[in-house]
Amino acid sequence: MIQPEMHFFRHQMLRSIRNFFEQRGYLEVTTPVLVRCPGIDPHIDAISAGKNFYLATSPELHMKRLLGCGLEKIYQVTHAFRSDEAGKYHNCEFSILEWYETGINYQTLMEMTESLIQTVDGEMGNCLDRAPLFSTPFPRITIDDAFWQHARWRPSREWDEDRFFLDLIEIVEPALEDIPAFFLCDFPAPLASLARLKPDAQNLCERFELYLKGVEIANGFSELTCAREQRERFERDCARRIAMNKEAYPLDQHFLSVLEKGLLPDCAGIALGVDRLLMVLTEAEDISRVMAFPMAQV
């Protein structure tokens with residue numbers, strides 16, 4: 001079992017997060033954990049929860065459906081589930097913070113994420129009787145610049161998925177781990193997922209990831225609102241899952257309908273790992289040290 005004070009630290013961190021959004025006029029929402037479509041990412045596998053249902057891997061599609069109903073600034077802290085995820089930074093069940101705002105892009109979202117981390121870090125520093133760990137602004141490092149400097153190739157110009165992830169893990173991330181906090185941004189278009197492509201550079205997308213003390217903490221982007229392009233991406237990723245001998249999940253037709261009716265406005269959103277953030281802020285060395293019941297204790 002974790003140390004009793006860790007429950008107090010988690011409580012303090014969540015209170016700081018909720019105060020941050022409350023002060024900015026955000027509405028806290030709730031979306032289902034039991035879903036029919038758990039997402040189509042070829043590299044993320046869901047946990048089955050009975051015939052035709054799964055445990056949600058992310059609240060993303062349901063939250064964007066709420067934006068399509070007219071909500072403008074929403075957030076939630078919930079649980080998400082991914083099959084076979086275990087390790088120093090992974091647990092099959094984990095806590096996730098997601099927020100979305102209409103009328104902003106990924107650049108503004110990076111500024112807001114920076115402000116959130118600065119606020120939570122400062123308040124947790126008071127709680128833990130230590131100085132803040134991070135100072136702003138966080139460097140913005142493009143994927144192409146990071147790879148060119150450390151691996152001598154530019155992924156957006158000569159895309160190779162296997163080489164990308166191998167070099168990211170073995171070369172680029174270790175080379176950057178001494179930077180306390182930074183954003184990796186402008187990912188190659190093949191990794192757009194649900195992100196919008198850059199209007200002036202279609203080989204790049206408006207996506208970023210936040211790293212704190214060498215740990216990937218959050219993934220955000222300007223959201224794709226084009227129904228045709230999103231459906232093509234879903235179908236392509238579904239075909240990839242089949243080619244990889246994985247289960248082909250159903251498409252979220254409700255979400256696609258929102259896009260087809262033009263109900264999703266321009267917006268940006270982000271997913272942040274709550275447990276990993278608590279790890280970094282308390283300097284815990286393993287995710288199991290910040291969870292009341294990691295998988296081994298369930």
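The legends below describe close-up views of a predicted model.

**View 1. Ser 222 and its surroundings in strand β11**. Ser 222 belongs to strand β11, which covers residues 215-222. Because its relative accessibility is 0%, Ser 222 counts as buried. Its side chain comes to 2.9 Å from the backbone nitrogen of Tyr 106. Leaving aside residues up to four places away in sequence, Ser 222 also touches Asn 105, Leu 194, Ala 195, Arg 196, Glu 206, Cys 267 and Ala 268, in addition to Tyr 106 itself.

**View 2. The largest nonpolar core, with Trp 99 among its members**. This core holds 45 residues, and those that touch the most other members are Met 13, Phe 21, Leu 97, Trp 99, Leu 116, Leu 212 and Leu 272. Two or more residues of this core come from each of several elements, including the helices α1 (4-23), α3 (106-128) and α8 (274-282), together with the strands β6 (93-102), β8 (181-188), β10 (201-212), β11 and β12 (267-273). Helix α3 gives the largest share, which amounts to eight residues. The contacts of Trp 99, not counting residues up to four places away in sequence, include Phe 21, Tyr 26, Ile 74 and Tyr 75, as well as Leu 109, Met 112, Thr 113 and Leu 116, and they also take in Ala 268, Gly 269, Ile 270 and Leu 272. Apart from this core lies another one, of 42 residues, among them Ala 192, Cys 205, Phe 234 and Cys 238.

**View 3. Helix α5, with its bend and its cap**. Helix α5 spans residues 161-176 and bends by about 50 degrees at Leu 168. At the N-terminal end of α5, Asp 160 acts as a cap, with a side-chain oxygen lying 3.3 Å from the backbone nitrogen of Asp 162. The buried residues of α5 are Glu 161, Phe 164, Asp 167, Leu 168, Val 172 and Leu 176, and the elements that cover them include β7 (140-142), α4 (143-151), β8 and α6 (227-243). An α-helix has 3.6 residues a turn, so residues three or four places apart point the same way.

**View 4. The packing of α4 against α5**. The axes of these two helices are 10 Å apart and form an angle of about 80 degrees, which means that α4 is roughly perpendicular to α5. From α4, the residues in this contact are Ile 143, Ala 146, Phe 147, His 150 and Ala 151. Their partners in α5 are Arg 163, Phe 164, Asp 167, Leu 168, Ile 171, Val 172, Ala 175 and Leu 176.

**View 5. The cis peptide bond between Thr 136 and Pro 137**. The bond that joins Thr 136 and Pro 137 is cis, with an omega of about 0 degrees. Pro 137 is placed in the loop between α3 and β7. Most peptide bonds are trans, and most residues other than glycine have a negative phi.

**View 6. Positive phi at Asp 186 and at Asn 245**. Asp 186, although it is not a glycine, has a positive phi of about 60 degrees, and this residue sits in strand β8. Asp 186 counts as buried because its relative accessibility, 13%, falls under the 20% cut-off. Asn 245, also a residue other than glycine, has a positive phi near 60 degrees and is found in the loop between α6 and α7 (253-260). Asn 245 is exposed, because its relative accessible area of 75% is over the cut-off of 50%.

Key. Residues numbered from 1 in each chain as written. Predicted model: local features only at pLDDT ≥ 70, side-chain atom pairs only at ≥ 80, totals over all residues. Heavy atoms only, no water. Helix = DSSP H or I, 4+ residues; strand = E, 2+ residues; numbered from the N terminus. Buried < 20%, exposed > 50% of the residue type's maximum accessible area, 1.4 Å probe, protein only. Polar contact = N/O pair within 3.5 Å; in protein donor to acceptor, adjacent residues only side chain to side chain. Contact = heavy atoms within 4.5 Å. Core = buried A, V, L, I, M, F, W, Y, C linked by side-chain atoms within 4.5 Å. Bend = angle between axes of the 7 residues up to and from the residue. Axes fitted to C-alpha atoms, helices over the stretch in contact; angles between N-to-C directions. Parallel < 35°, antiparallel > 145°, perpendicular 65-115°, else oblique.
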